[in-house]
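I opened this model to look up its sheets, cavities and a few odd backbone spots. My entries are below, in the order I made them.

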Amino acid sequence: MKLGIVGPKEPSNMIAKSLYEIDDKTEIQIFTREQLKDCIEVIADCEKACDAILFTGCAIESYIKEHYDLQKPYTSVEKSIISMASAFLEMQKKNMELDAFSIDIVENQVIADLLDAFQILARNIYSCSFQAGMEEQAYVDWHIQLQEEGKTNVALTGFMWVYQELKQKGYRVIYLGPTRAMVRAALERLQSAYALNQAEDAMIAVDILQLTNYERMDENYYTGMLKKADIEKQIIQYVKSVQGAIFAYGMQEYIVFCNAGIVGNQYQENKILTLQQEIAKTGIVLNVGIGTGVTAYKAEMNARKALEYTLKKAKKEIYVIDGHDTLIGPMGKETKLMYEVISSDPKIQELANKTGLSVNSVLKIIAIAQARKSFVFDANELAECLDVTVRTAHRMMQKIMNAGLGKVYAKETAVSGGRPKTWIELLFQDTKKE
């Protein structure tokens, strides 16, 4: 694992030194920026060069997460009770009182625990734990004001930039630096996250390719065989491109085993979509179901379920069921549907019980509503969503209304005198995933 350290130079070097002492085989690259807002400049390069990211503090981690979509495993070296204990020892060496200081970043509970351990009464202790969006200069001003007013004797800070500013201005300050124990804990968290990420990438993917109308290919036996040979050639080229293995299953089906890392990769998705389109030019329909799992059996079962869903839709769309039993698709669409095929969420189960719908139907409605950014449906839209008849959809909507989980959004009277069109707003929003 190649580890990238992001943060100010001095704490980065301190962390790197501790990492080498813990494991001298760790490959490290440092990306330094002295202030929070500047760290965003190096994060893309860090992700390109490294397998995982270690931030020098939680403030940098929080800022980056707010402004950048991290793809690699990451964590930060947290300020802990050990940091404060070290600061207290330094204060004692300098004959400073232990009950008159200002401290930033560290959580109040950590401070309270240490004060209890040292049997210190909080006479003039001021805490400003990390606040998202608050820049370092604001912490500098806060520490200075407290010392100028005589309320504190020293500032304890987890920001190297704040420490340097206060020291340069002549104020008493102690830096809450990273200790080896803190770095070890961060490294263990990062190694676990990296291992989990590798396990996800190591999952097996199975593509089931099915020629659903092969039996009607051609009345001429030899012409049909030649056409099938051309199709198989294209399939083999696809399998080669994903570095997979292919097995024929009867006359109409092919099973492809490959690494799950290709699933969700736009370039690879385009390959399977192109294969489907090219085979369609021969007059043959290629339906595809894709599944992933930690075992070949699990991946194949998920691929079978995805294929069943694809065939039921009858729209030549490609869906994936991943190792977490989440349905994803259709491929190639700007907005993809994602919902769990199996759910243990009690809120979902409660909705299903109240409405009389299946858990699967509730999950699917919520997923589609979130994708279209509207929980308003008419019977035709609900029927399309759940692959049922419009008549069945009307009955479902009535059940939802009777359960108090739907309300009339709008009505449109039919000009011909038929059944008026009614839009119902489904009150399922409280179950949305954050």
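These notes go through the sheets, then the cavities, the salt bridges and the backbone. I am working from a predicted model.

**Entry 1: the seven-stranded sheet**

I began with the open sheet of 7 strands. I read its order as 10-11-9-12-13-14-15, and the pairing is mixed. Which strands stand at the edges? I found strand 10 (245-249) and strand 15 (337-340) there. Each has a single partner strand, so one side of each is left without a neighbour in the sheet. I noted the twist too: from one strand to the next it averages 20°.

I then looked at the strand 15 edge. Strand 14 (residues 326-329) runs antiparallel to strand 15, and 4 bridges join the two. For one register point I picked Leu 327, whose bridge partner in strand 15 is Tyr 339.

Which helix lies across these strands? I found helix 11 (residues 296-313). The strands it lies across are strand 9 (204-211), strand 10, strand 11 (253-259), strand 12 (286-293), strand 13 (319-321), strand 14 and strand 15. Against strand 12, helix 11 runs at about 145°.

**Entry 2: the four-stranded sheet**

I moved to the open sheet of 4 strands. Its order is 6-5-7-8 and its pairing is parallel. Strand 6 (124-129) and strand 8 (173-175) are the edge strands, and each pairs on one side only. With direction ignored, neighbouring strands here are turned by 15° against each other on average.

I checked the strand 8 edge in the same way. Strand 7 (residues 154-157) pairs with strand 8 in the parallel sense, over 3 bridges. I marked Ala 155, which has Val 173 in strand 8 as its bridge partner.

**Entry 3: the cavities**

Next I looked for enclosed space. How many cavities of 30 Å³ or more does a search of the whole structure find? I got 2. The largest cavity holds about 150 Å³ of space. I listed its lining at 18 residues, and the closest to its centre are Thr 56, Gly 57, Ile 60, Gly 158 and Phe 159.

Then I sorted the lining by element. Helix 3 (58-67) and helix 7 (160-168) are the elements that give two or more residues to it. The largest share, 3 residues, comes from helix 3. By residue type, I put down 11 nonpolar, 4 polar and 3 charged.

**Entry 4: salt bridges**

I turned to charged pairs. Side chains of opposite charge can pair when their charged atoms come close. With a cut-off of 4 Å from nitrogen to carboxyl oxygen, I count 15 salt bridges. One of them joins the side chains of Lys 2 and Glu 27, at 4.0 Å from N to O. This pair links distant parts of the chain. I placed Lys 2 in strand 1 (residues 2-7) and Glu 27 in strand 2 (residues 27-32), 25 residues apart.

**Entry 5: backbone spots**

I finished with the backbone. Where is the cis peptide bond? I found one joining Gly 329 and Pro 330, with omega about -5°. Pro 330 sits in the loop between strand 14 and strand 15.

I also flagged Asn 95. Its phi is positive, about 55°, although Asn 95 is not a glycine. I located Asn 95 in the loop between helix 4 (81-93) and strand 5 (100-105).

Terms used: Residues numbered from 1 in each chain as written. Predicted model: local features only at pLDDT ≥ 70, side-chain atom pairs only at ≥ 80, totals over all residues. Heavy atoms only, no water. 1 Å grid on protein atoms, 1.4 Å probe; cavity = no way out; pocket = protein on both sides within 12 Å on 5 of 7 lines; lining within 4 Å. Points joined across faces, edges and corners; volume = space filled by probe spheres on them. Nonpolar A, V, L, I, M, F, W, Y, C, P; charged D, E, K, R; others polar. Pairing = 2+ DSSP bridges. Axes fitted to C-alpha atoms, helices over the stretch in contact; angles between N-to-C directions. Contact = heavy atoms within 4.5 Å.
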